[in-house]
Amino acid sequence: MKKITFLLAVTAFLVTAKTNAQEDATRDCQIKYNLFRGDFKSKKYDEAFVNWTYLMENCQDLSVNIYKNGSTLAEDVKKDPVLAKKVYEQRLKYFPEHHDTKNNLAKAHSDYATYLIKNKLASDAEIFTILETAYKISPKDMSVKNIYKYFQGVTDKYKDVEPQKVFDTYDDVIESVGEKLDDYTKKIIKLTGDSTKVLSAKEKRYLRAYTINSKALGQVEGGLDNIISEIATCERLIPIYQRDFEANKSNAVWLRRAVSRMFNKGCQEDPLFETLAKAYAEATPSPDSYSFYAGILEKNGDASGAAAMRQKAFDLETDPLKKAKTKLKFAQAALARGQKSKARSLAREALKFNPNYGKAYLLIGRAYQTSVNSCGSDEFEKRMVYAAALRQAQRASAVDPSISSTARKYIATYRANLPSKKVIFTKGATIGSNYTIKCWIGETVKVASSGK
């Protein structure tokens, strides 16, 4: 009996000792962590590094901040590639599914890839693997440069052997970027919608951040479009979609992407476009599918049916930004048919739902540009049409940071085509005076020179 009592006492003592040791270790970790965080926030990096080293060895699963802040210490402060790799690998081991906004795992992969690229510490293949991992988690949380780099890698790897994978990747990224852009647009409109409102310092900081992020994401769209345009030709798209149609004729996502790509690349004249558009409308009645089908009806001579279908598409949509996109799609179709005045009217309707929709202004500018030779009887009158187009491009740049880069190109082109000083003088006009453009445009603009 005494022996049993003794053994129980020893066991209890050992359990208690183990528990106390665990509690001591936990307490030490928490103390070290608090000291580390305090020093890190105060930018006392040398002091922070001492406690951080302890945390990396003894408290690996305490907080993801050990790795989030630790990457700064390893990469920027110590500039130690070996240590940076350890931070990256331990984060993946102890926080493999940490997906909250501030500490997103996709961002961790993307940031590590950036570090490797900057310091030339990995091959292109190794970088691509890391970016692919980040992409699979969340494309929108990757850096702008890395999204572009990843897509370029996909294109180089698959454009000849599996182009559909390139198209799918493009669509995934563009949709993700589009969602993010819409979110920023809503936030910008909320801050700038009331011209009488005076923004606080905090709101100004937010507006600046939203504007910068929108501009960066817009550059991603433009960059990806440049890459995809080289391989997404009608000659390449049509055989692929013909081959895969039977297997995907009820696949709404596949159909939407196929129809959208053929529309954007100007492949509507091929009979396959009508087949795809009809299948898309049948697979998923939606504003988007009805919009495309309306174009088919109009092409086949059913103008009233097309108008009714467009209205149906518009009425189904509830989100103002998506309503704007739907209207712009109608405007694009009208412009493609040569209905310039109607295209402008539809683009202006789009702007009622999203006053920051730069693409609508650019479309109006393009409509003006295509009317240069029909809206004037001499060189001065014709070139003044570019002044109206220029004003639209300038408006686009002013309200929509996501297309500022594209808008600047239009601005440069339109400005270069304004009348020269000699042409203005010969016409008897004065720079800065008002001039009303003839024909359907009917806008009054200031006489301006190309500078030549």
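A residue is called buried when its relative accessible area is under 20%, exposed when the value is over 50%, and partly exposed in between. Keep this rule at hand for the exercises below, and remember that the model you are looking at is predicted.

**Exercise 1. A salt bridge inside one helix**

Task: Find the salt-bridge partner of lysine 107 and decide whether lysine 107 is buried, partly exposed or exposed.

Solution:
- Step 1. The partner is aspartate 111, and the closest N and O atoms of the two are 2.6 Å apart.
- Step 2. Locate the pair: lysine 107 and aspartate 111 sit in helix α5 (residues 105-119), and because they are four residues apart, about one helical turn separates them.
- Step 3. Apply the rule. Lysine 107 has a relative accessible area of 40%, so it is partly exposed.
- Step 4. Treat the partner likewise: aspartate 111, with 33%, is partly exposed.

**Exercise 2. Another pair to try**

Task: Describe the salt bridge of lysine 85 and glutamate 89: in which helix do the two residues lie, and how accessible are they?

Solution:
- Step 1. The N to O distance between these side chains is 3.9 Å.
- Step 2. Helix α4 (residues 81-94) holds both lysine 85 and glutamate 89, which are four residues apart, or about one turn of the helix.
- Step 3. A relative accessible area of 43% makes lysine 85 partly exposed, and glutamate 89 is partly exposed as well, at 42%.

**Exercise 3. A salt bridge between two helices**

Task: Work out which parts of the chain the salt bridge of aspartate 171 and arginine 261 ties together.

Solution:
- Step 1. Start with the bridge itself: the two side chains meet at 2.8 Å, N to O.
- Step 2. Aspartate 171 belongs to helix α8 and arginine 261 to helix α11, so the bridge ties together parts that are 90 residues apart in sequence.
- Step 3. Check the surroundings: aspartate 171 and arginine 261 are both buried.
- Step 4. Follow the shared partners. Salt bridges join Asp171, Asp172, Glu175, Arg256, Arg257 and Arg261 into one network.
- Step 5. For the whole structure, the count comes to 25 salt bridges.

**Exercise 4. Disulfides along the chain**

Task: How many disulfides does the structure hold, and in what pattern are the bonded cysteines paired?

Solution:
- Step 1. There are three disulfides. Counting bonded cysteines along the chain, the pattern is 1-2, 3-4, 5-6.
- Step 2. Take cysteine 29 and cysteine 59, whose sulfur atoms are 2.0 Å apart. The torsion about their S-S bond is about -85 degrees, so this disulfide is left-handed. Cysteine 29 is in helix α1 (residues 2-41) and cysteine 59 in the loop between α2 (45-58) and α3 (65-77), so parts 30 residues apart in sequence are tied together.
- Step 3. Go on to cysteine 234 and cysteine 267, with sulfur atoms 2.0 Å apart. Their link is left-handed, with -95 degrees about the S-S bond. It connects helix α10 (residues 234-248), home of cysteine 234, to the loop between α11 (252-264) and α12 (271-283), where cysteine 267 lies, 33 residues apart.
- Step 4. Finish with cysteine 375 and cysteine 439, joined at 1.7 Å, S to S. With 85 degrees about the S-S bond, this link is right-handed. Cysteine 375 lies in the loop between α17 (358-369) and α18 (379-399), while cysteine 439 lies in the loop between β1 (434-436) and β2 (444-446), 64 residues apart.
- Step 5. Use the rule again: cysteine 375 has a relative accessible area of 1% and is buried, whereas cysteine 439, at 38%, is partly exposed.

**Exercise 5. Into the nonpolar core**

Task: Which helix gives the most to the largest nonpolar core, and which residues does tyrosine 241 contact?

Solution:
- Step 1. The largest nonpolar core has 76 residues. Among those with the most contacts inside it are Phe36, Phe167, Tyr241 and Leu276.
- Step 2. Helix α8 (residues 163-192) gives the most to this core, with ten residues.
- Step 3. Another core lies apart from it, with 50 residues, including Ala367 and Tyr414.
- Step 4. Leaving aside neighbours within four places in sequence, tyrosine 241 is in contact with Gln164, Phe167, Trp254, Arg257, Ala258, Arg261, Met262, Leu272 and Leu276.

Key:
Residues are numbered from 1 along each chain as its sequence is written. This is a predicted model: local features need pLDDT of at least 70, side-chain atom pairs count only at pLDDT 80 or more; totals for chains, interfaces and linings use all residues. Side-chain values use heavy atoms; hydrogens and water are left out. A nonpolar core is a set of buried Ala, Val, Leu, Ile, Met, Phe, Trp, Tyr and Cys residues joined through side-chain atoms within 4.5 Å. Buried means under 20% relative accessible area, exposed over 50%, partly exposed in between (1.4 Å probe, protein chains only). Contact means heavy atoms within 4.5 Å. A disulfide is a pair of cysteine sulfur atoms within 2.5 Å. A salt bridge is a side-chain nitrogen of Lys or Arg within 4 Å of a carboxyl oxygen of Asp or Glu.
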